[in-house]
Amino acid sequence: RIMKPQDDLEFQRLYELSKQQLSDLVFLDDEMKFLKSLLKKYFMPMMHDQHVNRVQLINSHLAQLGLVKANVSQELLTQQGHLQSTINGLVSQSLDFLKLGNERIEYELKDLNRSFRNIKREIFALYKELPYEESKKKSA
């Protein structure tokens, strides 16, 4: 099948966008790892008994978000494979099909980032409940 030049440009644009989306996922993964280590190393020792359940819940939310992120990563890698195969003429995927896949991934990325922001808000809200002097002493 011969691709129209404008379609070829659109496939290339979608492929470049998928590379940016993958970069965004890698950054999110790094942020999540940092937050987990921060919770474990610095935050947990500052917690009073009444806060431990909330920290465990936050850790659970982070773990769930990690599973969703892994699924989105897999979908994105599959999408990149479809795009690359189409660009190289190995298979014939419709532009509309690939655009739809890209839009779905973009929506899932936005949802992931929104969920991660909510987790960070939970952590900041919990941190604000700690007495200032005590949190300062234990983090030093």
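**Getting to know a four-helix chain**

Me: Is Ser-18 buried or exposed?
Reply: Its relative accessible area in this predicted model is 0%. Buried means under 20%, so with that value Ser-18 counts as buried.

Me: Where is the place of Ser-18?
Reply: The chain holds four helices and zero strands, and reading along the sequence gives the pattern α-α-α-α. Among these elements, Ser-18 has its place in helix 1.

Me: With which side chain does the side chain of Ser-18 make a polar contact?
Reply: Leaving out neighbours within four places in sequence, Ser-18 is in contact with Leu-76, Gln-80, Leu-83 and Asn-102. The polar contact from its side chain, at 3.3 Å, goes to the side chain of Gln-80.

Me: What separates the C-alpha atoms of Leu-22 and Leu-76?
Reply: Leu-22 lies in helix 1, and Leu-76 is 54 residues away from Leu-22 along the chain. Even so, Leu-22 touches Leu-76, along with Leu-77 and Gln-80, when residues up to four places away are not counted. Between the C-alpha atoms of Leu-22 and Leu-76 the separation is 7.1 Å.

Me: Is Leu-22 buried or partly exposed?
Reply: Leu-22 has a relative accessible area of 25%. Buried needs a value under 20% and exposed one over 50%, so Leu-22 falls in between and is partly exposed.

Me: What share of the contacts with a separation of 6 or more comes from residues 24 or more positions apart?
Reply: Leu-22 and Leu-76 give one example of residues far apart along the chain, at 54 residues, that touch each other. Across the protein chain, among contacts with a separation of 6 or more, the share from residues 24 or more positions apart is 86%.

Me: How many salt bridges does the count come to?
Reply: Let's look at some examples before the total. Arg-13 and Glu-10 meet through their side chains at 2.7 Å, N to O, and Lys-19 and Glu-16 do so at 3.4 Å. Asp-111 pairs with Arg-114, their closest N and O atoms being 3.3 Å apart. The full count of salt bridges comes to nine.

Me: By about how much of the helix are Arg-13 and Glu-10 separated?
Reply: Both residues sit in helix 1, three residues apart. The pair Lys-19 and Glu-16 in helix 1 is also three residues apart. For Arg-13 and Glu-10, that spacing means a separation of about one helical turn.

Me: Which counts as buried, Arg-13 or Glu-10?
Reply: Arg-13 has a relative accessible area of 42%, making it partly exposed. Glu-10 stands at 18%, and the cut-off for buried is under 20%. So the buried partner is Glu-10.

Me: In which helix do Asp-111 and Arg-114 both lie, and which residues does it span?
Reply: Asp-111 is partly exposed at 34%, and Arg-114 is partly exposed at 37%. They are three residues apart, about one turn of the helix. The helix is helix 3, residues 95–128.

Me: How far does helix 3 reach from its first C-alpha to its last?
Reply: Helix 3 has 34 residues. At 1.5 Å a residue, 50 Å is expected, and the model comes close to that. The reach from first to last C-alpha is 49 Å.

Me: Which of Asn-102 and Asp-111 is buried?
Reply: Asp-111 has a relative accessible area of 34%, which makes it partly exposed. The buried residues of helix 3 include Leu-98, Gly-101, Ile-105 and Phe-116, and one of them is Asn-102.

Me: Which residues form a nonpolar patch on the surface?
Reply: One member, Leu-38, lies in helix 1, which covers residues 5–43. Leu-38 has a relative accessible area of 31%, which makes it partly exposed. With about 290 Å² of accessible area together, the patch is formed by Phe-34, Leu-38 and Tyr-42.

Me: What percentage of the accessible surface belongs to carbon and sulfur atoms?
Reply: The protein chain has 140 residues, and buried ones make up 31% of them. Its accessible surface comes to about 9100 Å². Of that surface, the part belonging to carbon and sulfur atoms is 56%.

Key
Residues are numbered from 1 along each chain as its sequence is written. This is a predicted model: local features need pLDDT of at least 70, side-chain atom pairs count only at pLDDT 80 or more; totals for chains, interfaces and linings use all residues. Side-chain values use heavy atoms; hydrogens and water are left out. Patches are made of residues with over 30% relative accessible area and no salt bridge: like charges are joined within 9 Å, nonpolar side chains (Val, Leu, Ile, Met, Phe, Trp, Tyr) within 5 Å. Accessible areas come from the Shrake-Rupley method with a 1.4 Å probe; for residues, only the protein chains shown count as cover. A salt bridge is a side-chain nitrogen of Lys or Arg within 4 Å of a carboxyl oxygen of Asp or Glu. Helices (H or I, at least four residues) and strands (E, at least two) are DSSP runs, numbered from the N terminus. Buried means under 20% relative accessible area, exposed over 50%, partly exposed in between (1.4 Å probe, protein chains only). Contact means heavy atoms within 4.5 Å. A polar contact is a pair of N or O atoms within 3.5 Å; within protein, one must be able to donate a hydrogen and the other to accept it, and residues adjacent in sequence count only if both atoms are side-chain atoms. The expected span of a helix is 1.5 Å times one less than its number of residues.
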